[in-house]
Amino acid sequence: MQVDRLDHVNIITDRLDDTAQFYATLLGLERRDAPPPLTPQNAQWMHDAKGQAILHINATDCPRTFDRPVEPGAMTGAIHHIALTCSGRAEVMELIAAMGLTVQTNAIAAIGLTQVFTTDPNNVLLELNFFGD
């Protein structure tokens with residue numbers, strides 16, 4: 001057995017449209033309706049440039065196979081952040097400023113990495129990683 005890659009991250013929200021729009025605007029992810037039996041009103045999947053649904057955004061009333069209590073907007077428990085490898089740092093910084101988001105950057109010169117931290121509408125911490133950008 002081996003892990004080949006991270007498949008997706010699921011975000012439960014009481015702000016489905018705002019959250020999907022946030023990821024479309026900031027990261028350029030493509031918003032698509034989730035497959036049935038989910039509906040456009042309770043689930044949107046955000047796809048990367050390769051067509052992978054990397055973020056599943058579900059409304060609080062969306063049926064879940066494995067249900068457990070979730071408090072939208074609260075800290076994410078043991079999950080500290082979501083890290084995404086990105087390109088186009090200048091463009092993302094402009095979008096962050098235009099969207100009025102709080103941002104923190106960190107440079108790790110030894111590996112040529114610039115980290116950009118911001119939060120989504122649900123208080124999910126994002127680490128956007130830019131190597132050599």
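1. How many bridges join strand 2 to strand 3, and do these strands run parallel or antiparallel? In this predicted model, strand 2 and strand 3 (residues 43–47) run antiparallel and are joined by 4 bridges. Within this pairing, R31 has M46 of strand 3 as its bridge partner.

2. The pairing just described belongs to an open sheet of 4 strands, which follow the order 1-4-3-2 with mixed pairing. Strand 1 (9–13) and strand 2 (30–33) are the edge strands, each of them pairing on one side only. On average, and with direction ignored, neighbouring strands of this sheet are turned by 25° against each other.

3. Helix 1, which comprises residues 16–27, lies across strand 1, strand 2, strand 3 and strand 4 (53–59), and its direction makes an angle of about 160° with strand 4.

4. Turning to helix 2 (residues 89–98), I would draw attention to R89, which is found in this helix. R89 counts as partly exposed because its relative accessible area is 28%, a value that falls between the limits of 20% for buried and 50% for exposed. Leaving aside residues up to four places away in sequence, R89 touches T114, V116, F130 and D133. For one of these, V116, the C-alpha atom is separated from that of R89 by 8.5 Å, although the two residues are 27 residues apart along the chain.

5. On the surface, I108, I111 and F131 make a nonpolar patch of about 270 Å². I111 is found in the loop between strand 6 (104–108) and strand 7 (113–119), and this residue counts as exposed because its relative accessibility is 51%, with exposed meaning over 50%.

Terms used
Residues numbered from 1 in each chain as written. Predicted model: local features only at pLDDT ≥ 70, side-chain atom pairs only at ≥ 80, totals over all residues. Heavy atoms only, no water. Patch = residues over 30% accessible without salt bridge, like charges linked within 9 Å, V, L, I, M, F, W, Y side chains within 5 Å. Areas by Shrake-Rupley, 256 points an atom, 1.4 Å probe, with all protein chains shown as cover. Salt bridge = Lys/Arg side-chain N within 4 Å of Asp/Glu carboxyl O. Helix = DSSP H or I, 4+ residues; strand = E, 2+ residues; numbered from the N terminus. Buried < 20%, exposed > 50% of the residue type's maximum accessible area, 1.4 Å probe, protein only. Pairing = 2+ DSSP bridges. Axes fitted to C-alpha atoms, helices over the stretch in contact; angles between N-to-C directions. Contact = heavy atoms within 4.5 Å.
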